[in-house]
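Biologist: Please take me closely through the one part of this fold where the strands lie side by side, starting from a single pairing. I would also like to know how that part fits into the rest of the chain.

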Amino acid sequence: MEEMNIQCPYCLQAITVLVDTGVYEYTTLIDDCEVCCRPIEISYSVEDGRVSSLSYNSIEGNEF
């Protein structure tokens, strides 16, 4: 697991999310903001046990 710092697309607060670095493919998950509790779609890729790309957006589709 790796901690990643992102900004919530709803409340704009800095939050930390945990992503599984044991996967070796493009992965998408839904995690709730720890501040406003709204769902965030998080997509990422892992290479050599580290997150190589990360994107996230609100469920309504505003990509960040």
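Modeller: In this predicted model, Asp31 has its bridge partner in strand S4, and that partner is Ile40. The pair belongs to an antiparallel arrangement in which S3 and S4 are held together over six bridges. Between S3 and S4 lie six residues that complete a hairpin, and within that turn Cys37 takes a positive phi of about 65°.

Ile40 also has a partner in S5, where it is bridged to Ser58. That second pairing is one of eight bridges joining S4 to S5, and these strands run antiparallel as well. The hairpin they make leaves two residues between the strands, with Asp48 at a positive phi near 55°. Asp48 sits in the loop between S4 and S5 and has this positive value although it is not a glycine. Most residues other than glycine have a negative phi, which is why a positive value invites a second look. Asp48 counts as exposed, because its relative accessibility is 78% and the term applies over 50%.

Taken together, the three strands form an open sheet in the order S3-S4-S5, with antiparallel pairing. S3, residues 27-32, and S5 stand at the edges with a single partner strand each, so one side of each lacks a neighbour in the sheet. Direction ignored, neighbouring strands in this sheet are turned against each other by 30° on average.

The sheet can next be followed into the interior. The largest nonpolar core holds 14 residues, and those with the most contacts inside it are Ile6, Ile15, Val17, Val19, Ile40, Ile42 and Tyr44. Two or more residues each are given to this core by S1 (2-7), S2 (14-19), S4 and S5 (50-58). S4 provides the largest share, four residues. Ile40 therefore appears in two roles, as the bridge partner of Asp31 in S4 and, because it is listed there, among the core residues with the most contacts inside the core.

Tyr44 shows how such a core residue is surrounded. Neighbours within four places in sequence left aside, Tyr44 is in contact with Val19, Asp20, Val23, Glu25, Tyr26, Thr27, Leu29, Val51, Ser53 and Leu54. One of these, Val19, is found in strand S2 and counts as buried, at 1% relative accessibility. Seen from Val19, with neighbours within four places again left aside, the contacts are Met1, Glu2, Met4, Ile42, Tyr44 and Val51. Asn5 is 14 residues away from Val19 along the chain, and the C-alpha atoms of the two are separated by 11 Å.

Next to Tyr44 in the numbering comes Ser45, which has its place in S4, a strand covering residues 39-47. Ser45 is buried, because its relative accessible area is 16% and the term applies under 20%. Beyond its neighbours within four places in sequence, Ser45 is in contact with Glu25, Tyr26, Arg50, Val51, Ser52 and Ser53. As background for reading the two residues side by side, in a regular strand the side chains alternate between the two faces of the sheet.

A further backbone detail lies outside the sheet, in the loop between S1 and S2, where Leu12 has its place. Its phi is near 65°, again a positive value in a residue other than glycine.

For the setting of this part, the protein chain has zero helices and five strands, and from the N terminus on its elements run β-β-β-β-β. The chain is as compact as a globular protein of its length, because its radius of gyration of 11 Å is close to the 11 Å that the globule rule gives for 64 residues. Along its principal axes, the C-alpha trace spans about 35 × 20 × 15 Å. Of the 64 residues, 34% are buried, while the chain exposes about 4100 Å², with carbon and sulfur atoms supplying 44% of that area. Among contacts between residues at least 6 apart in sequence, 30% join residues at least 24 apart.

Technical notes
Residues numbered from 1 in each chain as written. Predicted model: local features only at pLDDT ≥ 70, side-chain atom pairs only at ≥ 80, totals over all residues. Heavy atoms only, no water. Buried < 20%, exposed > 50% of the residue type's maximum accessible area, 1.4 Å probe, protein only. Contact = heavy atoms within 4.5 Å. Rg over C-alpha atoms; globule rule 2.2 N^0.38 Å. Areas by Shrake-Rupley, 256 points an atom, 1.4 Å probe, with all protein chains shown as cover. Core = buried A, V, L, I, M, F, W, Y, C linked by side-chain atoms within 4.5 Å. Pairing = 2+ DSSP bridges. Axes fitted to C-alpha atoms, helices over the stretch in contact; angles between N-to-C directions.
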